[in-house]
Amino acid sequence: SQTYGRLLTLSSLHTNHLPCCWPRGRGMMGPPPPMIEESTKPTLTGIDFSCKQGSLTCVVGKIGSGKSSLLAGLLSEMSISKADDSVPKFGFQVKGRTAYVSQAAWIQNLTVRENILFGMPYDKEKYDRIISATCLGPDLEILPSGDSSEIGEAGNNLSGGQKQRVSIARACYQDADVYLFDDPLSAVDPEVANHIFEHCICGLLKGAFSQTYGRLLTLIVAH
């Protein structure tokens, strides 16, 4: 198993000696990745870190090192157990509501706007800011009915980059307290990736406030 080093700061997200293993069956994030066997053997061990409110934290590592598993553990999609009886405390705490963007964009067979709103009321000013920050404006202009265009089954009438940006926009619209992004910019070209990182991740999200917990926390996993 791959072990991450320590990162100790004021906490909005905190773990204590967090061991995670993939459970049998299927969770909200789907089955374990193909390269990971279903096992009671921990995929990650000895994780001990905290992230402060308002921070932007990036986890970087090689393929298969457990970055996605870390997020899965924080989303309770992996089994968490006490692997070392000498450790007095274990587990994790995430303060507030969490929004998650996976590597593979999750799209519903609805309109673009409905995919972004995800059941929340339409706020034009907020919606337009998010569309701009995620660089979706030019894409909506070329769609037959703009953001009223229906996305086909599994998003087959959108490119991979467009689907990923819709997923990012949906997460941003949810007014969460903690944002977990799993390699969110891998499907977009460098110019668009720079725009999203600067205007969405470091702009829209980093400057936003939660009514309950103050400044938002963003945790990004990247290769």
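Hi everyone, let me start right inside the protein: the buried residues of helix 1 are Lys67, Ser69, Leu70, Leu71, Ala72, Gly73 and Leu74. Helix 1 covers residues 67–74, and because 7 of its 8 residues are buried, the rest of the structure largely encloses it. Just after helix 1 comes Ser76, and its phi is positive, near 60°. Before I go on, please keep in mind that this is a predicted model.

Now a quick overview. The protein has 6 helices and 12 strands. Of its 223 residues, 44% are buried. If you take the contacts with a separation of 6 or more, 77% of them are between residues 24 or more positions apart.

Let's move to helix 5 and helix 6. Helix 5 runs through residues 160–173 and helix 6 through residues 190–205; their axes come within 12 Å and cross at roughly 5°. An angle under 35 degrees counts as roughly parallel, and that is therefore how helix 5 and helix 6 lie to each other. Which residues in helix 5 meet helix 6? They are Arg165, Ile168 and Cys172, and on the helix 6 side the partners are Val192, Ile196, Cys200, Leu204 and Leu205. Sorted by type, the residues of this contact are 7 nonpolar, no polar and 1 charged.

Helix 6 also packs with helix 3, residues 124–133. Here the axes are 8 Å apart and the angle is about 140°. That angle makes helix 3 oblique to helix 6. From helix 3 we have Arg129, Ile130, Ser132 and Ala133, which meet His195, Ile196, His199, Cys200 and Leu204 in helix 6. The split for this contact is 5 nonpolar, 3 polar and 1 charged. If you have the structure open, find Ile196, Cys200 and Leu204: these helix 6 residues are among those that meet helix 5, and they are also among those that meet helix 3.

Back to helix 5 for one residue I'd like you to look at, Gln164, which sits in that helix. Is Gln164 buried or exposed? Its relative accessible area is 1%, so Gln164 is buried. Leaving aside residues up to four places away in sequence, Gln164 touches Val101, Ser102, Gln103, Ala104, Ala105, Asp183, Pro184 and Ala187.

For a contrast, take Asp189, in the loop between strand 9 (178–182) and helix 6. Asp189 has 40% relative accessibility, so it counts as partly exposed. Along the chain, Asp189 and Gly161 are 28 residues apart, while their C-alpha atoms are separated by 7.9 Å.

Last stop: empty space. How many cavities of 30 Å³ or more are there? The count comes to 2, and the largest cavity holds about 40 Å³ of space. Its lining is made up of Val112, Leu136, Asp139, Leu140, Leu143, Leu158, Gln162 and Val166. Helix 4 (137–142) and helix 5 are the elements that each give two or more residues to that lining. By type, the lining residues come out as 6 nonpolar, 1 polar and 1 charged.

So, to recap helix 5: it is roughly parallel to helix 6, it holds Gln164, and it contributes to the lining of the largest cavity. Thanks for listening, everyone!

Conventions: Residues numbered from 1 in each chain as written. Predicted model: local features only at pLDDT ≥ 70, side-chain atom pairs only at ≥ 80, totals over all residues. Heavy atoms only, no water. Axes fitted to C-alpha atoms, helices over the stretch in contact; angles between N-to-C directions. Helix = DSSP H or I, 4+ residues; strand = E, 2+ residues; numbered from the N terminus. Parallel < 35°, antiparallel > 145°, perpendicular 65-115°, else oblique. Contact = heavy atoms within 4.5 Å. Nonpolar A, V, L, I, M, F, W, Y, C, P; charged D, E, K, R; others polar. 1 Å grid on protein atoms, 1.4 Å probe; cavity = no way out; pocket = protein on both sides within 12 Å on 5 of 7 lines; lining within 4 Å. Points joined across faces, edges and corners; volume = space filled by probe spheres on them. Buried < 20%, exposed > 50% of the residue type's maximum accessible area, 1.4 Å probe, protein only.
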